[in-house]
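Here is a short report on a protein structure, written for someone meeting it now. It covers pockets, a metal site, cavities and record annotations.

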Amino acid sequence: MSTPSQTVGPYLALGLPWADGPTVVEEGTPGAVWIRGVVYDGAGTPVPDGLIETWQADAHGRFDHPDDPRGAQPGFRGFGRCPTTDDGEYGILTVVPGALPGEAPHINVSVFARGLLHRVVTRIYFPENTAANAADPVLAAVPAERRDTLVARKSEDGYTFDVRLQGEGETVFFDV
Amino acid sequence: MTALSESGLILPRYRRDPEGTHPPLDSPGYKSTGLRHPKQPLVLLPHKLTEITGPLLGPGRLGELDNDLTKQHPEEPQGQRIIVHGRLLDGDGRPVPNSLVEIWQANAGGRYKHVWDNWPCPVDPHFDGVGRTITDNEGRYEFTTIKPGAYPWKNHDNAWRPAHIHFSVFGTAFTQRLVTQMYFPDDPLFSQDPIFNSVPDEKARNRMISRFDLSRTVPEWALAFEFDIVLRGREASVFENEEDE
Ligand SMILES: [Fe+2]
């Protein structure tokens, strides 16, 4: 029987951030992009005591993990972690993942914060993959009018992906 | 144990926890949930490659004294020295070895070393309240620390958090990621704490309470508490007609 989840509380910044957390790949890696965004609450106020975690395949759609039946592809950490700033901002330096069998390229995202008794989970998709996104079974299960909350926007140095926890434009969250 | 997905890959699937295991995101007793819980229904996420894999974070993440919070400064912190130990298990009782465990906590008086925490309780210059370790081959972990104090938090009139240690664990799959809090036995503050009580199922709630462990106390040195953390297990079996969409 599983241990219940509890909130990270307001002082998560003591225990969870790592110096290299935001850099899934090193600065200067070919193809590296910054995914940046702001986490907002239901009043549209930035969340200054949150944490974003990302998990993704490498640029070829592979994981460094023994449970991947295609075999582990060593060397790619795949994991990013960034606390939000006083302005609710986060940034993750990574590469765009490759497509997975039957799925469009995506990054899984966990959001932790004071006031979240359990993480909420969402996904980042990429705007250039119009055809792959249209065929993606997870996106297809999301009400059409809310799908765009899962698609990042192009920015100067990568992509923008904001998270709206509640209300107008609420991000789609998944039951994992 | 496994399922053939649409893509033809054989993938494990993780059991969904019974209703009442985890707190509802909308828990009005805990005021901060008010503007932070999603109001739209969650969309069911099938377990595919990104969900059944997860970060495997090993010893590279650790400093030498990360598992002894009483030795991170030249002098020792104030407070009751304790050993906190236990096992990281999956839902089938199997140990999760070589897995990162992160903790953070208040000092003996209940104050965090954080700029936003400024209630009138002294900071302990000899205590950061942050620890990390890796489970061993049997899924065991152990920290030496001091017992954290309770602290006031303004959620309701005269609100106090029961003493607790924040825990963060990964397991081996994205589906298993868990952040929780470990409590201490018989805390008189449980009854008024909306965070502890946000877990609907009483048995599940009690799984967050550590056990005083006389056998692991160290004479003339430290008390001990045992806290096992159980992550989601895999599906026991899958039938043809339960295949992924
Ligand atoms: Fe706390």
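The lining of the second largest pocket divides into 12 nonpolar, seven polar and six charged residues. Here Ala, Val, Leu, Ile, Met, Phe, Trp, Tyr, Cys and Pro count as nonpolar, Asp, Glu, Lys and Arg as charged, and the others, Gly among them, as polar. This is a predicted model, in which local features need pLDDT of at least 70, side-chain atom pairs count only at pLDDT 80 or more, and totals for chains, interfaces and linings use all residues. Residues are numbered from 1 along each chain as its sequence is written, chains are lettered from A and ligands numbered from 1 in the order in which they are written, and side-chain values use heavy atoms, with hydrogens and water left out.

**Pockets**

The second largest pocket holds about 520 Å³ of space. Its lining has 25 residues. Nearest its centre are A:Pro10, A:Tyr11, B:Trp116, B:Pro152 and B:Trp153.

The largest pocket has a volume of about 750 Å³. It is lined by 36 residues, and A:His118, A:Asp175, B:His22, B:Pro23 and B:Leu42 are the closest to its centre. Three strands each supply at least two lining residues: S6 (120-125) and S10 (174-175) of chain A, and S11 (178-183) of chain B.

Pockets and cavities are found on a 1 Å grid over the protein atoms alone. A cavity is a set of points where a 1.4 Å probe fits but cannot get out; a pocket is an open set with protein on both sides within 12 Å along at least five of seven lines; lining residues have an atom within 4 Å of a point. Points are joined across faces, edges and corners, and a volume is the space filled by probe spheres set on them.

**Cavities**

The structure holds three cavities of 30 Å³ or more. The largest has a volume of about 60 Å³. Its lining draws on both chains, including A:Trp55, A:Arg119, B:Phe170 and B:Arg177. Strand S2 (residues 50-56) of chain A gives the most, with three residues. Helices (H or I, at least four residues) and strands (E, at least two) are DSSP runs, numbered from the N terminus.

The table sets out the linings by residue class.

| Space | Nonpolar | Polar | Charged |
|---|---|---|---|
| Largest pocket | 18 residues | 10 residues | eight residues |
| Second largest pocket | 12 residues | seven residues | six residues |
| Largest cavity | six residues | two residues | three residues |

**The iron site**

Which protein atoms are the donors of the iron ion? They are B:Tyr112 (OH), B:Tyr151 (OH), B:His164 (NE2) and B:His166 (NE2), lying 2.0 to 2.2 Å from the ion. B:Tyr112 is in the loop between strand S5 (100-105) and strand S6 (130-134) of chain B, and B:His164 is in strand S10 (residues 164-169) of chain B, so the pair ties together parts 52 residues apart in sequence. Both B:Tyr112 and B:His164 are buried, meaning under 20% relative accessible area with a 1.4 Å probe and protein chains only. Donors are N, O and S atoms within 2.8 Å of the metal (3.2 Å for Na, K and Ca).

**A buried loop residue**

A:Phe161 sits in the loop between strand S8 (158-160) and strand S9 (163-164) of chain A. A:Phe161 counts as buried because its relative accessibility is 2%. The C-alpha atoms of A:Phe161 and A:Ile124 are 7.3 Å apart, although the two are 37 residues apart along the chain.

How values were computed:
Buried means under 20% relative accessible area, exposed over 50%, partly exposed in between (1.4 Å probe, protein chains only).
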